[in-house]
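The following paragraphs lead the reader through a single protein model, from one strand residue outward to the cores, a helix and a pocket. Please keep the sequence and the structure in view while reading.

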Amino acid sequence: MRIISGKHKSKRISAPKNLPVRPTTDMAKESLFNIINNLYYFDTISVIDLFAGTGNISYEFASRGTTEIHAVDAHFGCVKFINKIAKELDLPINAFKMDVYKFLEKSPLKTDIIFADPPYDFVEKEFLKIVDLVFERNMLTEEGVLIVEHSKHTSLTEHPKFSYDKRYGGSVFSFFENES
């Protein structure tokens, strides 16, 4: 994987082979960050990266100037790797080893962007539980957005907070927002 833009532009990061991850492809990540770049100034937002895996998304936010990033993953090896890379590159990432649902139920954080990249084999109910918890717990700022990455075989468009989606190959980014 590589960091696409910012102070660590083109930096390649090799994750250990034994991590249970499916990193977002560079093409999909670049498209996602083009969308986010049109909505926010990276140096003024806070981010929660759920199912953070290798930290791919967190590194991209940090490289582009985001200074408050919380990465959450249940796998010890993933959290250890994220902390290692954050330290090596001096990135402001706070990594938590925690079940994502427990984190969402207990966290007092309120943030601008929540990015969730759960396993693609989740059933629709598991994806929607993430969306419901974020909005029930009022975790987004007024202009905040929840972005859920999932397979093209999953549809989340029926949720009342669904705003729009963008498709890149086999991946889909579904955007959820508070009503304006």
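In which strand is His-70 found? His-70 belongs to strand β2, where helices (H or I, at least four residues) and strands (E, at least two) are DSSP runs numbered from the N terminus. The model is a predicted one, in which local features need pLDDT of at least 70 and side-chain atom pairs count only at pLDDT 80 or more, while totals for chains, interfaces and linings use all residues. Residues are numbered from 1 along each chain as its sequence is written, and side-chain values use heavy atoms, with hydrogens and water left out.

His-70 counts as buried because its relative accessibility is 10%; buried means under 20% relative accessible area, exposed over 50%, and partly exposed in between, with a 1.4 Å probe and protein chains only. With residues up to four places away in sequence not counted, His-70 touches Val-47, Ile-48, Asp-49, Asn-94, Phe-96 and Leu-109, contact being heavy atoms within 4.5 Å. Its C-alpha atom is separated by 5.8 Å from that of Ile-93, although the two residues are 23 apart along the chain.

Ile-93 leads into the interior. Under the same exclusion of residues up to four places away in sequence, Ile-93 touches Ser-58, Tyr-59, Ala-62, Ile-69, Ala-71, Ile-82 and Ala-86. In the largest nonpolar core, which has 36 residues, those touching the most other members are Leu-32, Tyr-59, Phe-61, Ile-93, Ile-113 and Ile-147. Such a core is a set of buried Ala, Val, Leu, Ile, Met, Phe, Trp, Tyr and Cys residues joined through side-chain atoms within 4.5 Å. At least two residues of this core come from each of α1 (26–39), α2 (56–63), β2 (68–73), α3 (76–89), β3 (93–97), β4 (111–116), β5 (140–151) and β7 (171–177). The most, 7 residues, are given by α3. Another core, of 25 residues, lies apart from this one and includes Val-72, Tyr-101, Ile-114 and Phe-135.

Phe-135 also appears among the buried residues of helix α5, which are Phe-127, Leu-128, Ile-130, Val-131, Leu-133, Val-134 and Phe-135. These residues pack against β1 (46–50), α4 (100–106), β4, β5 and β7. The helix itself (residues 124–136) has 13 residues and reaches 18 Å from its first C-alpha to its last, close to the 18 Å expected at 1.5 Å a residue; the expected span is 1.5 Å times one less than the number of residues. After α5 comes Asn-138, in the loop between α5 and β5, with a positive phi near 55° in a residue other than glycine. Asn-138 is partly exposed, at a relative accessible area of 44%.

His-159 provides another view of α5. This residue is found in the loop between β5 and β6 (162–168) and is buried, with a relative accessible area of 12%. Leaving aside neighbours within four places in sequence, its contacts are Leu-128, Val-131, Asp-132 and Phe-176.

The last feature is a pocket. Of the 24 residues that line the largest pocket, the closest to its centre are Pro-20, Phe-51, Gly-53, Asp-73 and Asp-117. A pocket is an open set of points on a 1 Å grid over the protein atoms alone, where a 1.4 Å probe fits, with protein on both sides within 12 Å along at least five of seven lines; lining residues have an atom within 4 Å of a point. Phe-51 lies in the loop between β1 and α2 and has a positive phi of about 55° although it is not a glycine.
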